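Hello,

Here is the structure I promised to pass along. Have a look at it first, and then read on for my notes.

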Amino acid sequence: MSTEPRLAEVAEPEPAQQAAPGTDQAVKETLEDYTLRFAPRSYRRWTPMVVATTALGGIAYMADFSIGAGIGLAHGTGNALLAIAVAAVVIFVTGFPLAYYGARYNIDLDLITRGSGFGYFGSVLTSVIFASFTFIFFALEGSIMAQGLKLGLGLPLWLGYLVSTLMVIPLVIYGMTALSKLQVWTTPIWLLLMVGPLVHLVATDPGTVDRFLAYAGTDGNGGISTASVLLGAGVCLSLIAQIGEQIDYLRFMPPKTEANKRSWWTAVVMAGPGWVVLGALKQAIGVFLAVYIIAEVGASAAPEPIQQFKGAFDAMMPSWLVVPLAVVLVVISQIKINVTNAYSGSLAWTNSFTRVTRRYPGRMVFVLVNLGFALALMEADMFSFLNGILGFYSNCAIAWVVTVATDIGINKYVLKLSPHAPEFRRGMLYAVNPVGVVAFVAASGLSIAMYFHALGDTLQPYSPVAAAVIAFVLTPLMAVVTKGRYYLRRTDDGIAEPLLDEDGNPSAVTYECHVCRQQFERPDVAACRTHDAVVCSLCLSTDKVGDHVLPAGV
């Protein structure tokens, strides 16, 4: 039996010692929306449907239309639709366990990753991958908005890039509270403007459907090609990391109970892996509108969403209304997704920086860092080589998401080598777990080599498949080889109260952290190494000397 303190209730705390500089300010800021930490039951006051609506509001981005158009123009409609479908199935299957864990245990994808094969510091790798996803897609959406502002207001692109970057800062400052209101109120307008033109075109000109289905693409002859399908799917699979942004909202789901289990599951599936259903539809619509624009305007404008919807609006309303409505649609879409990109990216960067340096600089610092990267990409005209960026990036994203999903689905539930309940606290995890790190590095490294033709031209289109297969095979193999010994550095956190309540939800029992003197719920604290008290997860992360971190042991 462990000789270290076990706390049935909060002991009288001793004076705080060894608190990291700036800890009080760090704690106050993270309590706004529980940056870097477990989201407590007391904060999760939204219904399942409000959380789902907020999460789905973040996928209003226009990039899907560009992605679908690019694939369709290159490979033809048949190959594009198959590529979209293949990618959607992979994204749904891998996203389901991640969404469930995020909603059930109220933690974001980085915290899930730590305990699902990567370790406390090992998941820094994937945090950087996710942060890269957010600024790549911020830049893509910002480019699309700049195109709209140029068409509607005559702004030069460089100024449009700057405007699209700066306008999201005020909204991102306020976290989940502001984002939930923004997403709920703007979603109906966005849906009407997106679906209306498509329905009108199909109803008034059935020939558009025939031209769409017959389009052969610039690189094909209209036939189905495995290489074309896989190349297209690779571009679509760059969106696999979107599940991380969905989980940034799903972590605020209320506890799952007998009374709400139907609405809870509906919300998790719809706003978790279900996001890809709407995403795939938008990509298919992008192919349709691109083919329509080719016939009406020409191929050069076809990949740009502002031109796609301008052409569609032209067919159904007075000319004076066309450009304003197209610009409104693009601006609403860009704001809805880029507040999420900026928010989620800031969480990922802050998470990594805090763990590595044991100092919390404030989330707003990394909001600005993320926006700076995005602005640099926009000014470099990333839109013109979009498919190349996404095709390369997808290999890393696929390797990460498949590794974590496999650890949850296979290692936890089938092999039972990975602990069932997620763990993310410093001291409870090994610094690096070879299960996830080896699987991720091998899968991403080999697939990237394939993507850049290192293994020959024939295998190049199969790089996304390689990333998924290698991650899926190596993750359980490494768990078996290591016998699961590198998941938990210790199994006892020194607190007698169970982590989960009788319904399997995280316990709502509160404790006071003796370092920052704030109240936290059971999953967010652990016993202190040197005091008969508890310490919250952020104070553990920022403890520079390890005074509060429990030693390796039971």
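To start with something to check by eye: is Arg211 buried, partly exposed or exposed? With a relative accessible area of 35%, Arg211 is partly exposed. Please keep in mind that this is a predicted model.

**Salt bridges**

Arg211 is also a good way into the charged pairs, since its side chain meets that of Asp205 in a salt bridge, with 3.6 Å from N to O. Asp205 is partly exposed as well, at a relative accessible area of 30%. Across the structure, the count comes to twelve salt bridges.

The pair I would show you next is Arg41 with Asp501, whose side chains form a salt bridge at 2.9 Å, N to O. Arg41 sits in the loop between α1 (23-30) and α2 (48-57), while Asp501 is in the loop between α20 and β1 (510-512), so this pair ties together parts that are 460 residues apart in sequence. Both ends can be reached from outside to some degree: Arg41 is partly exposed at 27% relative accessibility, and Asp501 is partly exposed with a relative accessible area of 21%.

Lys310 and Asp314 make a local contrast. Their side chains meet in a salt bridge of 3.6 Å, N to O. The two residues are four apart in helix α15 (residues 305-314), which means that about one helical turn separates them. Lys310 is partly exposed at 23% relative accessible area, and Asp314 is partly exposed at 40%.

There is also a network: salt bridges link Glu423, Arg425, Asp493 and Arg522.

**Cysteines**

How many disulfides does a search of the whole structure find? The search finds zero. Cys528, for one, is in no disulfide, and the nearest cysteine sulfur, in Cys513, is 8.7 Å away. Cys528 is buried, with a relative accessible area of 0%.

Cys539 has a cysteine partner to consider, and here the cut-off is useful. Its sulfur is 3.5 Å from the closest cysteine sulfur, that of Cys536. A disulfide needs the two sulfur atoms within 2.5 Å, so the distance between Cys539 and Cys536 is too far for a bond. Cys539 is buried too, with a relative accessible area of 3%.

Cys536 turns up again in another pair: the C-alpha atoms of Arg517 and Cys536 are 9.5 Å apart in space, with their positions 19 residues apart in sequence. Arg517 belongs to the loop between β1 and β2 (519-521), and it is partly exposed at 37% relative accessibility.

**Helix α20 and the nonpolar patch**

Does the length of α20 agree or disagree with what its residue count predicts? At 1.5 Å a residue, its 20 residues should span 28 Å, and the end C-alpha atoms are 27 Å apart, so the two agree.

One part of this helix faces inward. Its buried residues include Ser463, Pro464, Ala466, Ala467, Ile470, Ala471, Leu474 and Thr475. Pro476, Met478, Ala479 and Thr482 are also among the buried residues of α20.

The helix contributes to the surface as well. A nonpolar surface patch of about 650 Å² is made by Leu446, Leu455, Leu459, Tyr462, Val465, Val469, Phe472 and Val473. The element that gives the most to this patch is α20, with four residues. Leu446 comes from helix α19 and is partly exposed, with a relative accessible area of 38%.

**Positive phi angles**

Finally, some backbone angles to look at. Right after α20 comes Lys483, which has a positive phi near 55 degrees.

His453 is not a glycine, yet its phi is positive at about 70 degrees. Its place is the loop between α19 (434-451) and α20 (463-482), and it is partly exposed with a relative accessible area of 42%.

Arg358, another residue other than glycine, has a positive phi near 60 degrees. Arg358 lies in the loop between α16 (319-357) and α17 (363-379), where its relative accessible area of 26% makes it partly exposed.

Happy to go through any of this together.

Best wishes

Note on methods:
Residues are numbered from 1 along each chain as its sequence is written. This is a predicted model: local features need pLDDT of at least 70, side-chain atom pairs count only at pLDDT 80 or more; totals for chains, interfaces and linings use all residues. Side-chain values use heavy atoms; hydrogens and water are left out. Buried means under 20% relative accessible area, exposed over 50%, partly exposed in between (1.4 Å probe, protein chains only). Patches are made of residues with over 30% relative accessible area and no salt bridge: like charges are joined within 9 Å, nonpolar side chains (Val, Leu, Ile, Met, Phe, Trp, Tyr) within 5 Å. Accessible areas come from the Shrake-Rupley method with a 1.4 Å probe; for residues, only the protein chains shown count as cover. A salt bridge is a side-chain nitrogen of Lys or Arg within 4 Å of a carboxyl oxygen of Asp or Glu. The expected span of a helix is 1.5 Å times one less than its number of residues.
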